[in-house]
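Hi,

Here's the structure I said I'd pass along. Have a look at it first, and then read my notes underneath.

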Amino acid sequence: MNTKFQQLVKLFQKLPGVGPRQAARFVIALLDQPEENLKELGESINHLKRDVRFCDECFNVSSNHSCSICHDTKRDRNKLMIVEKITDLESVEKTGLYKGLYHVLGGAINPLDKINPASLRIKELEKRLDTMLALRQAQGDNLELIVATNPNTPGETTALYLRDILANKKGVSITRLGRGLSSGSNLEYADETTLKHALEYRK
Ligand SMILES: [Zn+2]
């Protein structure tokens, strides 16, 4: 077997959900592509970290300090949905039902993978909440925090942890997205109808 081929297969295997066979299929498919497509792909990957950045506020992908959602004045600033990953945010956005803001944690608490609260963007969330609450004190509106972590063990652990540390914040109500989502499932792969249901009937 060609070592360059195998090297690329190994690199693809580092991506989530890609096994050795799938990785080999990717490399074979790339070999079928015209040279210029491969060059374009290579350039994009080369400059990915330079060209794509994260929103300073919610940690969604962005081309500026503030992403298009945080920037949008029509979004409901009384709602903040906490998700594990950017792909979860995208799934919820696709339903078109949610018009509030987001906060991307960057994962969920999982001692097996050595992911603890300090490895997630929880400090950033607390800081952001304080700023949001200070801004609204005069208006008297309640801020709804929708915890939309996955309905599996790490997701539930994270939801409990967040409830624990945020419960005493004045002017905040915490709801959990979950009804209709089967336990152990993943928000990212939930179909739109299920997500709509989970959003409408949050508890
Ligand atoms: Zn943002």
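Below is what I found, going from the overall layout down to the strands.

First off, keep in mind that this is a predicted model. The chain splits into domain 1, covering 3–51, and domain 2, covering 74–200. Between the C-alpha centres of the two domains there are 33 Å.

Now the sheet. It's an open one with 4 strands, paired in parallel and ordered S4-S3-S5-S6. S4 and S6 (172–176) are the edge strands, so to speak: each of them pairs on one side only. From one strand to the next, the twist averages 25°.

S3 (residues 76–83) is a good place to start looking at the pairings. With S4 it shares 5 bridges in the parallel sense, and Met81 sits opposite Tyr102 of S4. With S5 (residues 143–147) it runs parallel too, joined by 4 bridges, and here Leu80 faces Leu145 of S5. As general background, side chains in a regular strand alternate between the two faces of the sheet.

How much of S4 is buried? Although S4 is an edge strand, 4 of the 5 residues in this strand (100–104) are buried, leaving it mostly covered.

Two helices are worth pulling up as well. H6 (residues 86–95) belongs with S3 and S4 to a β-α-β unit, and that unit is right-handed. H7 (residues 122–136) lies across S3, S4, S5 and S6, and runs at about 155° to S5.

Cheers

Notes. Residues are numbered from 1 along each chain as its sequence is written. This is a predicted model: local features need pLDDT of at least 70, side-chain atom pairs count only at pLDDT 80 or more; totals for chains, interfaces and linings use all residues. A residue is buried if 20 or more other C-beta atoms lie within 10 Å of its own, exposed if 12 or fewer, and partly exposed in between; C-beta atoms are placed from the backbone. Helices (H or I, at least four residues) and strands (E, at least two) are DSSP runs, numbered from the N terminus. Two strands pair if DSSP finds at least two bridges between them. A crossover is right-handed if, with the strands pointing away from the viewer, the path from the first strand over the helix to the second runs clockwise. Domain bounds come from an automatic or database domain assignment. Axes are lines fitted to C-alpha atoms, for helices over the stretch in contact, and angles run from 0 to 180 degrees between N-to-C directions. Two residues are in contact if their C-beta atoms, placed from the backbone, lie within 7 Å.
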